[in-house]
Amino acid sequence: METVKITINGQEVAAPKGELLIEACEMNGVYLPRFCHFRGLTPQASCRMCVVRVDNPKIPKLQTACTMPVSDGMVVTTDSQEIEEVRSAMIEFLLSNHPVDCPVCDRAGECELQDQTYGFGEDRTRSQYDDKENFLERQISPFIYNDPQRCVVCKRCTRVCEEWMDEFAITTVNRGSQTLISSFSGWVECSDCGNCVDVCPTGTLLHVPYKYVARPWDLKQTPTVCNFCSDGCSMLAGSRSEKLIRTVARDGRGRTAGGINHDFLCSLGRYTIDFVHNRQRVDRPMVRRGEHLVPATWDEALNFVAQRLSEIKAQNGGESIGVISAGRLMNEDQYVLRRFAEETIGTKNADFYHDDDEVDLAAFFKYGTPAIATQEHIQSADTILLIGSDPNEENPLTAFSIRWAVRQKAARLVIVNSMPSRLERQAQTAVRVREGSEPALIHALVDESRINDAASAMGVDAGQISDIRRVLVESAKVVVIFGDELRSAAVEALALLEETLATPNPEVAEASRKAHIDALQRAVKSSNSTQKPSINENPYTYIVEHPTLEVAAEPVSSATKFSFVPLVRYSNSMGAWQMGLDSAGTGGLSAQAMINAAGGSIKALYIAGEDVVSKAGGNASIVRSQLEKLDLLVVQEMFLTDTAELADVVLPVTSFAEAQGTQVNNGSQVQFVRRTIPPVGQARPDWMIVTQVARLMGTDFNFQGQLKNVFKEIAEKIDGYSGLSHNLLANEGATIIRRALPDSGRIDHADLHNRLAMLTAAIDRSVAVDSSELTAKAGSRLQNRYPLITRYSEMISPKLAEESALEAPAPVIFPA
Amino acid sequence: MTKVLTNRFDLKGGACDIDVYLKTGGYQALARTFKDFTPDQVIEEVKKSALRGRGGAGFPTGMKWGFVPKESKRPKYVVCNADESEPGTGKDRDLMRYDPHLLIEGMIIAAYALGARDNYIYIRGEYWYIKEILEKAIAQAYERGYLGKNVLGSGFECNLYVHPGAGAYICGEETALLESLEGKRGHPRLKPPFPAVVGLYGGPTIVNNVETLAAVPWIIQNGGEAYKALGTEKSGGTKLFTVSGHVNRPGNYEVAMGYPLMSMVNNECGGIPGGRKLKAIIPGGSSVPIITAEEAEKVNLDYESMGTVGSMLGSGGVIVMDETVDIFETTMNVTHFYKHESCGWCTPCREGTRWLFKVFERMHRYEGRPGDVELLYDLADKILGKSFCPLGDAAAMPVQSAIQKFRDDFDRRIKSTLVQINTAAD
Ligand SMILES: Cc1cc2nc3c(=O)[nH]c(=O)nc-3n(C[C@H](O)[C@H](O)[C@H](O)COP(=O)(O)O)c2cc1C
Ligand code: SF4
Ligand code: SF4
Ligand code: SF4
Ligand code: SF4
Ligand code: FES
């Protein structure tokens with residue numbers, strides 16, 4: 001990184017070239033007070049707290065450090081009487097109409113206004129209480145409270161909403177001292193990420209579920225990892241009196257869990273957590289007595305399970321028993337379940353539950369482990385190719401990173417999808433193709449001669465596909481993000497991109513990128529075109545107008561040109577795969593096949609954490625009747641789900657908040673999940689229950705009841721885990737699991753091309769391309785995609801119900 | 001005296017018709033521009049004229065035009081600031097309603113000098129009737145080939161649009177104006193970059209006041225030197241002043257730069273009614289520091305002379321106040337205006353103007369508390385120079401100057417009994 005020398009208060013220090021002065025000061029241990037400055041958001045310079053004197057180059061007025069890029073030889077003073085006076089004057093101004101009702105303010109204790117007042121203000125004010133102008137507190141969304149009188153109008157919230165989320169849901173209304181944060185209708189319609197609340201430095205925006213619930217200093221804050229999608233955000237879980245109270249990306253003091261998501265969380269990670277204390281939690285083991293599941297002791301339940309499993313095994317052999325896990329269970333659970341299946345039961349039929357809407361991992365990993373991109377890679381990608389899926393709805397952090405790359409790094413975003421997505425607004429090229437025809441794109445990319453055929457299969461112009469191909473060839477680093485739309489040969493063929501789309505030489509990439517930036521800088525609609533360009537139409541303004549802000553963080557590099565993000569469905573699909581709990585690895589029946597075989601070759605199922613009945617959606621009744629044919633159904637669950645209700649034994653398990661362990665995200669990064677609260681009721685962790693059953697059946701896994709021993713064994717046995725330990729992961733945070741790259745020697749090119757051709761040929765060309773406009777809530781696809789656990793969240797389930805009720809396109813159309 | 005701007009005012013709007021305008025010498029400067037001037041030569045001529053911006057800041061116009069980069073990836077624009085919202089100012093109104101083609105001609109010349117194809121007049125919403133006048137005039141100019149694809153056969157394309165504001169003073173500030181023109185909330189932008197480099201839709205943009213642009217045709221016709229010679233060394237040419245308040249003949253007057261202030265009050269405006277004595281003058285619109293009668297005797301109407309008494313020429317809105325006026329009341333009125341017009345972006349102006357006004361309100365009820373005058377002064381001090389844009393300064397300067405110069409009017413508002421009660425309570 002290029003650095004410059006600057007002098008802060010007489011001390012010469014180094015700072016990254018082009019970095020903002022306020023950040024450069026902080027890097028060198030000089031904290032400047034601020035409200036409006038927030039790393040990565042467009043500079044605002046409105047609070048006037050960060051003023052400094054710049055002596056070289058000599059500038060007569062005090063300057064705001066949050067807008068000044070450092071330059072070589074710059075000399076600044078950040079501490080002097082005149083500066084102190086300005087800071088305390090600004091604090092006095094901000095408090096002049098502030099209610100200062102800290103005793104009843106949820107932010108008190110982690111309020112930046114409090115902290116800055118203590119740090120930089122006076123212990124008195126000249127404003128009189130009876131002079132204050134009141135604004136009423138109100139709720140502005142199902143999740144957000146707004147107390148406008150506490151606002152310092154720093155607009156972090158609105159910038160986050162616009163720049164991170166691309167929602168434009170909140171804005172400032174009115175003018176001058178009447179300025180309020182609001183939406184035009186007064187009610188905020190958005191994706192409910194709640195990031196605006198997290199970044200708010202005051203008690204103006206508050207989380208509804210956290211209102212009047214706890215004081216920050218009473219909270220125990222545990223850094224842990226979200227469990228609701230495969231992005232794997234870190235979060236600070238706040239608990240009090242053994243209750244999980246809130247999860248935040250950053251607390252009011254700016255502390256984060258230090259994860260891959262920095263300050264970001266989505267609505268699931270933030271507002272779904274109340275399921276943990278839902279009164280419907282199964283809090284003790286249940287055993288079937290005739291029609292009913294009745295409470296039992298752990299001993300009774302475990303003995304019953306062990307005995308029945310042993311009997312069935314003796315009668316029909318181990319292969320008559322199947323083990324199914326949920327993709328959200330942690331590595332340790334998956335690993336122990338696999339050993340349980342292999343050693344205790346003696347069955348190959350072990351699989352983590354996934355159906356057609358899971359990424360085809362078997363194909364993806366067929367020849368080795370392709371280079372996998374992390375969020376950091378996405379954020380600094382040169383070009384992003386998004387095929388299928390809708391990260392904006394299913395993997396919100398990935399969507400955030402994509403927007404970040406486009407906005408801050410001018411990345412080129414190419415989308416090939418069969419349905420509308422809000423990310424299309426960021427795309428340089430967005431191609432809508434026939435549903436089910438996405439694999440043809442890969443065919444065209446790896447075999448130029450097939451472009452015409454592939455394009456016609458996709459229902460698009462061949463020119464569009466060759467353009468995409470050209471952009472990919474001319475890019476230095478490409479991140480390919482794909483969902484379940486790609487299958488079998490199309491996923492396998494991703495391994496060919498590196499050689500077929502290699503950049504001829506670095507100059508080509510360089511020139512192409514220059515041309516792209518140049519086009520962005522020219523990209524202003526002529527002002528006399530009837531429609532004026534709106535703020536939404538040029539998402540690139542940040543880098544184009546503020547080129548200096550492209551600084552600091554060195555781009556992360558990858559050895560290969562192409563890297564991939566498989567948008568797997570569950571928080572630990574990758575981990576389950578790596579632990580080998582997948583039928584493709586065990587060579588047994590898949591979860592679906594086991595259910596189909598129930599009553600036939602399968603006599604008993606041991607299901608850990610998946611509601612296979614509800615997952616079946618429209619086929620629920622078929623799955624139900626299949627399960628009813630079993631001799632034994634054991635379910636480890638938190639709730640009496642549709643599946644658990646059919647079980648002979650229900651064993652209560654801990655939620656992510658009560659359990660400890662590791663999980664792997666879609667960037668193949670393993671992260672340590674900490675226990676936040678003690679188990680609810682008599683719940684036990686999945687892995688522990690399984691070892692206990694195993695012991696009763698005569699196999700001792702030798703973990704001595706210690707989770708870390710499970711991981712120790714994982715580190716020894718599982719490829720890519722060697723050298724890792726819970727301790728290390730707890731300290732290091734997200735750690736990439738590295739495995740051998742694909743061995744191209746193993747690829748049978750002719751066969752692969754043949755199979756690709758068959759895929760393309762099989763595409764139903766009578767399907768119409770969906771070119772519909774994006775509606776406010778493109779919820780349809782999501783109805784059965786949200787984690788089922790959301791049903792037990794009183795906070796989030798009404799929102800989801802409302803969304804899935806939206807059948808006809810909602811009336812609000814976003815500008816194209 | 002040579003008139004530059006008001007030659008057609010006597011026609012009382014007759015010059016809105018392009019034929020009348022042409023008959024009285026109109027569009028000849030434009031013709032001459034294409035014949036005799038390269039774009040750079042136009043800028044040179046304007047530099048020579050010592051013309052300074054008439055919108056308030058008085059920035060040398062030629063220099064500003066010189067900042068526009070020659071090569072630009074995005075289109076360039078000329079934008080006329082016709083937002084005229086400064087209290088006490090109504091000169092642009094008359095310029096546009098009596099002589100719209102003069103402004104149009106000035107804009108076309110500016111557009112030619114800078115290489116701008118599409119250009120805007122941003123007019124305050126309350127001037128809706130003037131917007132109609134301008135649009136008619138623009139339509140005529142298109143018809144006669146002064147605007148459009150090929151202006152006067154020169155190959156230069158020039159378009160002109162009128163865009164109304166919606167009633168915000170801050171949208172007169174050039175960068176807030178550009179935001180508003182782009183369809184966004186009227187907040188000022190961070191400078192640098194200045195509009196001349198990154199302006200409308202990110203393209204290099206010149207924002208000039210109506211009067212500034214209206215002076216350009218004369219400069220082209222008669223030369224920069226001649227224009228400069230009309231005024232003083234540093235303040236070239238003539239200027240249009242709006243005189244209001246206690247004078248017998250309020251109105252708009254064009255005088256040469258450097259003309260004595262009191263001569264204008266006494267001669268052009270016919271002096272103060274009823275033979276009353278002068279108390280104070282706000283010489284350049286409500287934003288500038290007030291001056292006393294004694295100071296008014298000493299100053300001339302140019303940028304430098306106004307500086308000697310600590311005030312500014314501003315927008316040229318001269319507000320004359322006789323001895324019956326309570327400066328506390330006028331200052332409160334001005335403060336109310338700024339509180340109402342603060343855009344709310346930055347802390348000192350948003351919170352400071354509200355607080356200032358709160359103190360004014362209680363003093364207005366004769367319930368001022370001891371120390372309130374000092375409080376007002378100090379609050380103004382905490383706004384001055386610390387705000388994001390000059391509106392904060394504009395709110396602070398009148399308060400400070402009024403207290404400095406007319407302290408008695410303020411002290412009267414302090415409730416003396418309260419002093420005793422308060423001290424007793426302490
Ligand atoms: C708060 C504020 C209001 C302003 N209002 C006006 C206005 O109404 N008309 C105007 O011409 N300039 C106004 N200005 C000045 C403009 O920002 C800008 O300096 C001017 O349009 C430049 O033109 P000039 O160089 O021809 O004076 C205002 C400035 C500020 C800070
Ligand atoms: S926002 Fe901060 S200063 Fe204001 S009432 Fe809440 S805790 Fe107190
Ligand atoms: S609501 Fe909070 S984040 Fe938003 S402007 Fe007000 S203080 Fe800032
Ligand atoms: S993006 Fe995924 S991991 Fe992150 S908070 Fe949302 S659901 Fe959790
Ligand atoms: S000084 Fe600040 S609040 Fe006032 S108008 Fe300018 S930017 Fe807005
Ligand atoms: S942090 Fe710089 S002005 Fe707010």
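The legends below walk through several close-up views of a predicted model.

**View 1. The largest nonpolar core and its best-connected members.** This core holds 233 residues, and the ones touching the most other members are A:Leu21, A:Ile384, A:Leu441, A:Val480 and A:Leu605. Helix 12 of chain A, spanning residues 396-409, gives the largest share of this core, with 7 residues. A second, separate core has 135 residues, including B:Ala111, B:Val216, B:Trp218 and B:Tyr259. As background, nonpolar side chains tend to be buried together in soluble globular proteins.

**View 2. The surroundings of A:Leu441.** Which residues does A:Leu441 touch, not counting residues up to four places away in sequence? The partners are A:Ile387, A:Val416, A:Ala454, A:Met458 and A:Ile465. A:Leu441 is also one of the residues that touch the most other members of the largest nonpolar core.

**View 3. Strand 22 of chain A, buried on both faces.** Strand 22 covers residues 562-566, and 5 of its 5 residues are buried. Look along the strand and you will find A:Phe562, A:Phe564 and A:Pro566 pointing one way, while A:Ser563 and A:Val565 point the other way. Strand 21 of chain A (residues 478-482) runs parallel to strand 22, and 5 bridges join the two. In this pairing, A:Ile481 stands opposite A:Val565.

**View 4. The shell around ligand 4.** There are 13 residues around this ligand, and those that come nearest are A:Cys226, A:Cys229, A:Cys233, A:Cys266 and A:Gly269. Two helices of chain A, helix 6 (267-271) and helix 12, each supply at least two residues of the shell. Sorted by class, the shell around ligand 4 has 9 nonpolar, 3 polar and 1 charged residues.

**View 5. The shell around ligand 5.** Which residues come nearest to ligand 5? Of the 14 residues around ligand 5, they are B:Cys343, B:Cys346, B:Cys349, B:Ser387 and B:Cys389. Helix 16 (347-364) and helix 18 (390-405) of chain B each provide at least two residues of this shell. The class count for the shell around ligand 5 is 9 nonpolar, 4 polar and 1 charged.

**View 6. The shell around ligand 1.** Here 25 residues surround the ligand, with B:Gly53, B:Gly55, B:Gly172, B:Asn209 and B:Thr212 coming nearest. Strand 4 (205-209) and helix 18 of chain B each contribute at least two residues to the shell. Domain 1 (9-230) and domain 3 (327-416) of chain B each give at least three residues to the shell around ligand 1. By class, this shell divides into 9 nonpolar, 10 polar and 6 charged residues.

**View 7. Where chain A and chain B touch.** The contact takes 34 residues from chain A and 38 residues from chain B. On the chain B side, the elements giving two or more residues are helix 15 (327-341), helix 16 and helix 17 (372-383). Helix 16 of chain B gives the largest share of that side, with 9 residues. The side of chain B that touches chain A has 14 nonpolar, 11 polar and 13 charged residues.

**View 8. The domains of chain B.** Chain B is divided into domain 1 (9-230), domain 2 (239-322) and domain 3 (327-416). The C-alpha centres of domain 2 and domain 3 of chain B lie 23 Å apart. Their contact takes 8 residues from domain 2 and 11 residues from domain 3. The side of domain 2 that touches domain 3 has 5 nonpolar, 3 polar and no charged residues.

**View 9. Two cis peptide bonds.** In chain A, a cis peptide bond joins A:Asn56 and A:Pro57, with omega about -10°. A:Pro57 sits in the loop between strand 3 (51-56) and strand 4 (63-64) of chain A. In chain B, the peptide bond from B:Lys191 to B:Pro192 is cis, and omega is near -10°. B:Pro192 is in the loop between helix 8 (174-181) and strand 4 of chain B.

**View 10. Positive phi outside glycine.** A:Asn9 has a positive phi near 50° although it is a residue other than glycine, and it lies in the loop between strand 1 (3-8) and strand 2 (11-16) of chain A. Is A:Asn9 buried or partly exposed? A:Asn9 counts as partly exposed because it has 15 C-beta neighbours inside 10 Å. B:Tyr27, also not a glycine, has a positive phi of about 60°. B:Tyr27 is found in the loop between helix 1 (18-23) and helix 2 (28-36) of chain B. With 21 other C-beta atoms within 10 Å, B:Tyr27 is buried.

Methods:
Residues numbered from 1 in each chain as written. Chains lettered and ligands numbered in written order. Predicted model: local features only at pLDDT ≥ 70, side-chain atom pairs only at ≥ 80, totals over all residues. Core = buried A, V, L, I, M, F, W, Y, C linked by C-beta atoms within 7 Å. Buried ≥ 20, exposed ≤ 12 C-beta atoms within 10 Å, placed from the backbone. Helix = DSSP H or I, 4+ residues; strand = E, 2+ residues; numbered from the N terminus. Contact = placed C-beta atoms within 7 Å. Near = placed C-beta within 6 Å. Nonpolar A, V, L, I, M, F, W, Y, C, P; charged D, E, K, R; others polar. Domains from an automatic or database assignment. Pairing = 2+ DSSP bridges.
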